[in-house]
Amino acid sequence: MRWYFGSADPQRAWDELLGSRRLAVDVETVDLVDRTPIGIGVAASGEEAFYLSIFDNPYLPEVLAKLRDGRVQKIYHNSPYDLAVLRPFGIDISNTEDTAILCRLVGYPADLPSASFWVDMQTESAKDLMARHKAKNMLGVPTDKVGLKCSTDTLATFRLFEKLIPTADSKYYQMERAMLPVLETISRGGIGVDQERRAQIEEHYAREVEYYNAICSGMGFSAGSPYQVGFILAKRGNFLPLTRSKRQLATDEITLSRLSDPLAQMVLLYRRAEKFLGTYLRPLAGVDRAYTTLAMDAVTGRVNSSRMNLQNLPKQKESGLAPTVRSIFIPDNKVFTIIDASQIELRVLAYLSGDRRMLEVFQSGGDIHAETMKVMGMTDRINAKKFNFAMVYGADESVISGHTGIRDQAAIRRWTQSWMEGYAGAAAWIWEQRKKGWQDAKVTTLLGRQLKVPLDKGQKHAENCGVNYPIQGSAAEIFKLIMLDCRHLLDVTRVQVHDEEVFDGDVREKLDLEALAHVSPVYTPLEVRIAERWG
DNA sequence: TCGGAAGGCCC
DNA sequence: GTACGGGCCTTCCGAT
């Protein structure tokens, strides 16, 4: 029922816990997929903890009362997970702290087993615990062992928080902390799904898949198996390169789209249909809302979306014939209001590098890609745009070649050269960041967050990260500030996609666009549009 | 049953 | 001879 982990008097510890204004909390669930809670661990110190089984436990109401109390500070390690699991209990989410975020801010590994060494503790991941007990899920582990694990986690969490309180005072942590209830509220709210439309689109793609499947199985292969696709295409006389691991023939989209064999084109159509069906259409059958889990555990500080990723929904294809997956999402209040921080990453590059020409374009409301055309003496705006992104990502000649269709590598080098001459300030900054990435193995964002650069993937990769991390990380920070400024719209906030936020209903008059453009020193005007469907 | 590889969607 | 930064998810298929 109630397990006590400590070396003093359980009753005294319990009374102290119930009087405490600061609790470390951890929830155990069936497993990572089935997030049904089975127990809650709480600690009001770094020495004593309790574990409560969730089922019919007379002590549970007292703990839940603490969790519901906004005056009580709740410390979690990876709070988005616990907040989502505890959602049915109606807990307070406003007074949330998160030691995983603190760990990231001080450059310490954020997984608890690693972090706990820092506070003289040893914790075990749920996965390892289950493996040690040869259990399929946590229900297969003896309850006292689950309780020990959970309690140990809360003790480590409590200790980590105490140790990292100086960091918790930082402006940066306070921003992240403020984001936690925002992300939980969006995750909890979900977005409407038009079942009629969904079923209609599912039928469309199911028919396609059925058709292609009939043909392929008639030919003796499965269209869903890259290995078999490579084998059959090669047998029909197509040349296919090897995959990176050299274990099989490459059959990716780029490769297949270059083949004249109609079978290759059919495989591509099959894959698209199957992808839409398996990832979006079938999983949303029969639900009136779609829910995601938003977190901030990307290395650059970006918001990420999982358990129904709403950040990678296919956009409308220009062909027009195939129905778009995005159109199944509908507003509760007739329309969506969509704000978009256009060109935010290039604005960040302009700001961080102080490149005069870029800054001039952005401040005068010009078109950066058109300016790049002029800078480079190019006639194709699409390719100018690709060069801009190539510079941000650190693409080499062959990658740019594949992307732009410019076959002559020397020509690409000349274009790159003229980009660097035209944007000399940006080029110098990029050069500097590449050096930093490889030599210092860490770089800094706009708001001062230090990002560790991985060195294990080689020098080129580290150099690219040196450029991209601060750009992507700073853009993420600016957009978080924008989201925090939109908290009065939280109840109608539906989706965040890095530089885009979707609100339910027409909220234009509730947006202070002037203020939003100036949340940070990087000028970030927002494009606003109203749409009956998303996408 | 698990996990790597391959493929593919987003910014 | 050579990786374009950050994510998430699905299917296939061989290893355990």
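**Exercise 1. Work out which classes of residue make up the surface near DNA strand B in this predicted model, and find where the protein meets the strand.**

Step 1. Sorting the residues of the surface near DNA strand B by class gives five nonpolar, seven polar and ten charged.

Step 2. Altogether 22 residues surround DNA strand B, and the closest are Thr243, Ser245, Thr251, Arg302 and Asp499. Helix α12, which covers residues 262–281, gives the most to this surface, with three residues.

Step 3. Turning to the DNA side, 87% of the atoms of DNA strand B within 4 Å of the protein belong to sugar or phosphate, and the rest belong to bases. A contact with a phosphate is found at Thr251, where a polar backbone atom is 2.8 Å from a phosphate oxygen of DNA strand B. Bases are reached as well: a polar side-chain atom of Lys275 lies 2.9 Å from a base nitrogen of the strand, and an N or O atom in the side chain of Asn312 is 2.9 Å from a base oxygen.

**Exercise 2. Describe in the same way the surface near DNA strand C, and say which element gives the largest share of it.**

Step 1. DNA strand C is surrounded by 29 residues, of which the closest are Ser225, Arg244, Arg307, Val399 and His403. By class, this surface has eight nonpolar, 16 polar and five charged residues.

Step 2. At least two residues each are supplied by α12, β10 (304–306), α17 (397–404) and α20 (459–485), and the largest share, seven residues, comes from α20.

Step 3. Of the atoms of DNA strand C within 4 Å of the protein, 66% belong to sugar or phosphate, while the rest belong to bases. One phosphate oxygen of DNA strand C is 2.7 Å from an N or O atom in the side chain of Tyr469. As for the bases, a polar side-chain atom of His403 lies 2.8 Å from a base nitrogen, and a polar backbone atom of Ala395 is 3.5 Å from a base oxygen.

**Exercise 3. Decide why Glu28 is counted as having no salt bridge.**

Step 1. Glu28 has its place in strand β2, residues 22–29, and Glu28 is buried.

Step 2. The nearest side chain of opposite charge is that of Lys149, 4.2 Å away. Because a salt bridge needs the side-chain nitrogen within 4 Å of a carboxyl oxygen, Glu28 has none.

Step 3. Lys149 is nevertheless in contact with Glu28, and other contacts beyond four places in sequence include Thr36, Tyr51, Met138 and Asp153.

Terms used:
Residues are numbered from 1 along each chain as its sequence is written. Chains are lettered from A and ligands numbered from 1 in the order in which they are written. This is a predicted model: local features need pLDDT of at least 70, side-chain atom pairs count only at pLDDT 80 or more; totals for chains, interfaces and linings use all residues. Side-chain values use heavy atoms; hydrogens and water are left out. A residue is near a molecule or strand if one of its heavy atoms lies within 4 Å of it. A polar contact is a pair of N or O atoms within 3.5 Å; within protein, one must be able to donate a hydrogen and the other to accept it, and residues adjacent in sequence count only if both atoms are side-chain atoms. Helices (H or I, at least four residues) and strands (E, at least two) are DSSP runs, numbered from the N terminus. Ala, Val, Leu, Ile, Met, Phe, Trp, Tyr, Cys and Pro count as nonpolar, Asp, Glu, Lys and Arg as charged, and the others, Gly among them, as polar. Buried means under 20% relative accessible area, exposed over 50%, partly exposed in between (1.4 Å probe, protein chains only). Lys and Arg count as positive and Asp and Glu as negative; His and the chain ends are not counted. Contact means heavy atoms within 4.5 Å.
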